[in-house]
Amino acid sequence: MDFKNSNSPKFLPLVILLMLVASSEAGGISIYCGQNGNEGTLADTCATNNYDYVILAFLSSFGNGNKPMLNLAGHCDPYSNGCTDLSSDIKSCQVKQIKVLFSIGGGAGGYTLTSSKDAKQLAIYLYNNFLSGKSSSRPLGDTVLDGVDFDIEGGTSQHWDELATFLSNYGKRGIKVILSVAPQCPFPDAWVGGALKTGLFDCIWVQFYNNPPCQYISGDVANLENSWKTWISTIPAKKIFLGLPAAADASGSGFILVSDLISTVLPAIKGSDKYGGVMLWSKYYDDQTDYSSSIKSHV
C-alpha cells in the first residue's frame, strides 16, 4: 500500500472505514464501589486511571413513604452527615474526566415506587441532593454527580420509566444527567424491562452473571453471544456494557477468566456500534485480582 498518497481520494474511504471500525470497538470500564470499606477511597479508585465510569452504591431505601437513605457500607456514616467528605474525592475523579454516577436500589434494602407521585418525589430528591439542584442537607456535599444509575432488583416493575423521564427532563435544564441501568441478562429484565423501552438510558451494564442461561460457560460463548445480540438489537441505548464479576467469589456464577474474556468473549461482542465496554462488580474484588488492569488494553 502506498502511504505516500494517503491523501488521495481513493485512499480516504479506507481511512474512514478503519476509523469507524476502531471507534465502534473502543470501549471502557465501569466499576461499582461503595459496598466494602476495605476497597480504598474513591480518590484511590479514580487514581488507577482504569475506569471511565465509577458508580457509587447505593441509595438503598426510598419510596412508599420511606425516607431516602444512603448506604455506603464502611466508607462513611450518613446518619452523622459523615459522607460529605466524599465531595473532594468525587471532584478529583471528575477532573480526570471520569464520570461519577450515584446508584439507587441494589440487592438488599427497602425500596419501591408505588405511584407516579412516588417517582416524581424521588426524582426531585435526587436532583436536589445529588445533581445540580439545591438542598441544605446534601449527603455527599456540594459536588454535582454526573448521573443516576438504576440497579433495581426488587420492589415492583412499575414507575421506573417515569423516574427516568423526570430525571432526563432535569438534564434538559443545562447540565446533562447521565442515566444508566444494570438489568439482568435474561431478556426482558423483570424489573426495568419497561423503563428500558424509553430509550432514555445512556449506558446499560447488563449483568451476565448469576444467570446461567445467558452467561458464559467455559469454552462455550453461545449463550452469552445470543443474549448479547438480543440486547443490542432490541434496546434503544447509546452504549451497552458486558457486566461481569471482577473475581470468582464476587458472584455465585459467571466469572470469566481473563484469558477467555480476551480470546473468546470480547471478539464475539465488540463488533456492535452499541458496544461500550465492560462493567465490573466491584472495586473491592477488582483490588484482589487486578482484573481491570489485565483487560484494559483489550476492552
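## Exercises on cysteines, strands and a buried loop residue

Cys 33 is buried, with a relative accessible area of 6%; buried means under 20%, exposed over 50% and partly exposed in between, using a 1.4 Å probe and protein chains only. The model is predicted: local features need pLDDT of at least 70 and side-chain atom pairs count only at pLDDT 80 or more, while totals for chains, interfaces and linings use all residues. Residues are numbered from 1 along each chain as its sequence is written, and side-chain values use heavy atoms, with hydrogens and water left out.

### Exercise 1

Task: list the disulfides of the structure, give their connectivity pattern, and state what becomes of Cys 33 and Cys 203.

Solution.

Step 1. A disulfide is a pair of cysteine sulfur atoms within 2.5 Å. Under this criterion the structure has three disulfides. Cys 46 is joined to Cys 93, Cys 76 to Cys 83, and Cys 185 to Cys 214. The S to S distance is 2.0 Å for Cys 46 and Cys 93, 2.0 Å for Cys 76 and Cys 83, and 2.0 Å for Cys 185 and Cys 214.

Step 2. Counting bonded cysteines along the chain, the pattern is 1-4, 2-3, 5-6. Cys 33 takes part in no disulfide, and the nearest cysteine sulfur, that of Cys 46, is 7.5 Å away. Cys 203 is also in no disulfide, and here the nearest cysteine sulfur, again that of Cys 46, lies 15 Å away. Cys 203 counts as buried, at 3% relative accessibility.

### Exercise 2

Task: for each disulfide, give the handedness and the accessibility of its cysteines, and locate Cys 46, Cys 93, Cys 185 and Cys 214 in the chain.

Solution.

Step 1. The link of Cys 46 and Cys 93 has 95 degrees about the S-S bond and is right-handed. Cys 46 belongs to helix α2 (residues 42-47) and Cys 93 to helix α3 (residues 86-95), so this pair ties together parts that are 47 residues apart in sequence. Helices here are DSSP runs of H or I with at least four residues, strands are runs of E with at least two, and both are numbered from the N terminus. Cys 46 is buried at 1% relative accessible area, and Cys 93 is buried at 0%.

Step 2. The link of Cys 76 and Cys 83 shows 95 degrees about the S-S bond and is right-handed. Cys 76 is buried, with a relative accessible area of 13%, and Cys 83 is buried at 1%.

Step 3. For Cys 185 and Cys 214, the torsion about the S-S bond is about 80 degrees, so the disulfide is right-handed. This pair links distant parts of the chain, 29 residues apart: Cys 185 is in the loop between β6 and α6 (193-196), and Cys 214 is in the loop between β7 (203-207) and α7 (222-234). Cys 185 is buried at 1% and Cys 214 at 5%.

### Exercise 3

Task: describe the burial of strand β5 and its pairing with β4 and β6.

Solution.

Step 1. Six of the six residues of β5 (residues 147-152) are buried, so the strand is largely enclosed by the rest of the structure. In a regular strand the side chains alternate between the two faces of the sheet. In β5, Gly 147, Asp 149 and Asp 151 point one way, and Val 148, Phe 150 and Ile 152 the other way.

Step 2. Two strands pair if DSSP finds at least two bridges between them. Strand β4 (residues 99-106) runs parallel to β5 and is joined to it by six bridges. Ser 103 has Asp 149 as its bridge partner in β5. From β4 the chain crosses through helix α4 (residues 116-129) to β5, in a right-handed β-α-β crossover. Right-handed means that, with the strands pointing away from the viewer, the path from the first strand over the helix to the second runs clockwise.

Step 3. Strand β6 (residues 178-181) pairs with β5 in the parallel sense over four bridges. Phe 150 has Val 181 as its bridge partner in β6. The chain passes from β5 through helix α5 (residues 160-171) to β6, and this β-α-β crossover is right-handed.

### Exercise 4

Task: place Thr 112 in the chain and list its contacts beyond its sequence neighbours.

Solution.

Step 1. Thr 112 sits in the loop between β4 and α4 and is buried, at 14% relative accessible area.

Step 2. Contact means heavy atoms within 4.5 Å. Leaving aside neighbours within four places in sequence, Thr 112 is in contact with Phe 62, Gly 63, Asn 64, Asp 118, Gly 155 and Thr 156.

Step 3. Thr 112 and Gly 154 are 42 residues apart in sequence, and their C-alpha atoms are 7.3 Å apart in space.
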